[in-house]
Amino acid sequence: MKFGLNGAVVEAKEAVIPALDHGLLYGIGLFETFRTYGGAPFALGRRLARLRQGCAALGIRWTMTDAEAADWLARVLEANGLADAYVRLTVTAGDAGLGLTDGPYERPNTLLMVKPLPPPDEALYRRGRELRILRTPRGTPETPVRLKSLHYMTNVLAKRELAASGASAGAEGLMLTREGGLAEGIVSNLFFLGKDGVVRTPAIETGILPGITRALTLELARSLGYRAEEGFYTVEDLLAADEVWLTGSVQEIVPVTRIVEADGTAHTVGDGLAGPAARALLEAYRAEARRSAYEAANKGD
């Protein structure tokens, strides 16, 4: 397996950062995870824009352009013989010595890692998955808007709680705010369709990550004629929904057909199968990804 390090393509074992990198010492760094379709990354421009905003907030001088990132990714994919791949792009603060610093990070390190996607489980998109409500809360972010940062301890603790809860294989965990409101999954954003036909998702102000697939799903829902809102919602709102689904760049749009509360009380969503809104959104999302991949493949023709 070959990875990327600071624009080069190297053996995976060579893709390392120094011991004094502040990404390692203090968690100062950011990452993006996404997938490719036929060798083309979907919504790469949006992801790099979010990454740059995070770097600016942390004082990391990261200067790679969209074109440079796309070319680098193409070379890493080619070196591994991959077209459809799981991708993680990480920017660390770089070596700044031992001790905190109040200045900008001028020499960040950039890692680009890929791996094959698992075989698609299309049955999952029909039967849905379990969503387990966790006791681990989604705390408030350290910046005005949550960054996709290397500081991932809450998500790790939530993952451990989910594993110990007796949840079914493939289940996702749902973190609530400290006040008990809906927040987000361990690796996903949350959506639900109310009985009034409105698509809803927790607001960014709840402390959730402003997911790229979340934003695309809101846009697609409106393009399909749904009213879509962001707000502050309760577990009761979720349990009363006609449909529930989760979004993420690798998993795309996955319906939830079973919700289990922290005390073990289980609820079936709808008729226990993917609903029409989730199915329509998934179809629209994949169509947009395919269109983007086609345009990338035929650029300049």
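The exercises below, each with a worked solution, go through selected residues and spaces of the structure above.

The model is a predicted one, in which local features need pLDDT of at least 70 and side-chain atom pairs count only at pLDDT 80 or more, whereas totals for chains, interfaces and linings use all residues. Residues are numbered from 1 along each chain as its sequence is written, and side-chain values use heavy atoms, with hydrogens and water left out.

**Exercise 1. Describe the surroundings of Glu243, and state which side chain of opposite charge is nearest.**

Begin with the secondary structure, where helices (H or I, at least four residues) and strands (E, at least two) are DSSP runs numbered from the N terminus. Glu243 belongs to strand S13, which covers residues 243-248.

Next, consider burial and charge, taking buried as under 20% relative accessible area, exposed as over 50% and partly exposed as in between, with a 1.4 Å probe and protein chains only. Lys and Arg count as positive and Asp and Glu as negative, while His and the chain ends are not counted. A salt bridge requires a side-chain nitrogen of Lys or Arg within 4 Å of a carboxyl oxygen of Asp or Glu. Glu243 is buried but has no salt bridge, and the nearest side chain of opposite charge, that of Arg279, is 6.7 Å away.

Then look for other partners of Glu243: its side chain reaches the backbone nitrogen of Ala278 at 2.9 Å. With contact meaning heavy atoms within 4.5 Å, and with residues up to four places away in sequence not counted, Glu243 touches several residues, among them Phe191, Phe192, Val269, Pro276 and Ala278.

**Exercise 2. Work out where the partners of the salt bridge between Glu230 and Arg214 lie, and whether each is buried or partly exposed.**

Start from the distance: the side chains of Glu230 and Arg214 meet in a salt bridge at 2.6 Å, N to O. This pair links distant parts of the chain, with Glu230 in strand S12 (residues 227-231) and Arg214 in helix H6 (residues 212-223), 16 residues apart.

Now compare accessibility. Glu230 counts as partly exposed at 41% relative accessibility, whereas Arg214 is buried at 4%.

As a further step, follow the shared partners: Asp196, Arg200, Arg227 and Glu229 are joined into one network by salt bridges. The count by this rule comes to 19 salt bridges.

**Exercise 3. Examine the salt bridge between Arg75 and Asp71, and say which helix holds the pair.**

The closest N and O atoms of Arg75 and Asp71 are 3.2 Å apart. Both residues lie in helix H3, four residues apart, which is about one turn of the helix. Arg75 is partly exposed at 32% relative accessibility, and Asp71 is also partly exposed, with a relative accessible area of 42%.

**Exercise 4. Find which helix gives the most to the lining of the second largest pocket, and what lines the largest cavity.**

Fix the terms at the outset. On a 1 Å grid over the protein atoms alone, a cavity is a set of points where a 1.4 Å probe fits but cannot get out, a pocket is an open set with protein on both sides within 12 Å along at least five of seven lines, and lining residues have an atom within 4 Å of a point. Grid points are joined across faces, edges and corners, and a volume is the space filled by probe spheres set on the points.

The second largest pocket has a volume of about 320 Å³. Its lining comprises 15 residues, of which Ala40, Pro41, Ala70, Ala296 and Lys299 lie nearest the centre. Two or more residues each come from strand S4 (40-41), helix H2 (44-58), helix H3 (66-80) and helix H8 (276-297). H3 gives the most to this lining, with five residues.

Turning to enclosed space, the structure holds one cavity of 30 Å³ or more, and the largest cavity has a volume of about 50 Å³. The residues lining the largest cavity are Phe34, Leu44, Ala69, Trp72, Leu73, Leu89 and Leu112. H3 supplies the largest share of that lining, three residues.

**Exercise 5. Locate Asn6 and Ala43, which have a positive phi although neither is a glycine.**

Most residues other than glycine have a negative phi. Asn6 has a positive phi of about 50 degrees and sits in the loop between strand S1 (2-5) and strand S2 (8-11). Asn6 is partly exposed, with a relative accessible area of 43%.

The phi of Ala43 is near 60 degrees, and Ala43 is placed in the loop between S4 and H2. Ala43 is buried, with a relative accessible area of 14%.

Key:
A polar contact is a pair of N or O atoms within 3.5 Å; within protein, one must be able to donate a hydrogen and the other to accept it, and residues adjacent in sequence count only if both atoms are side-chain atoms.
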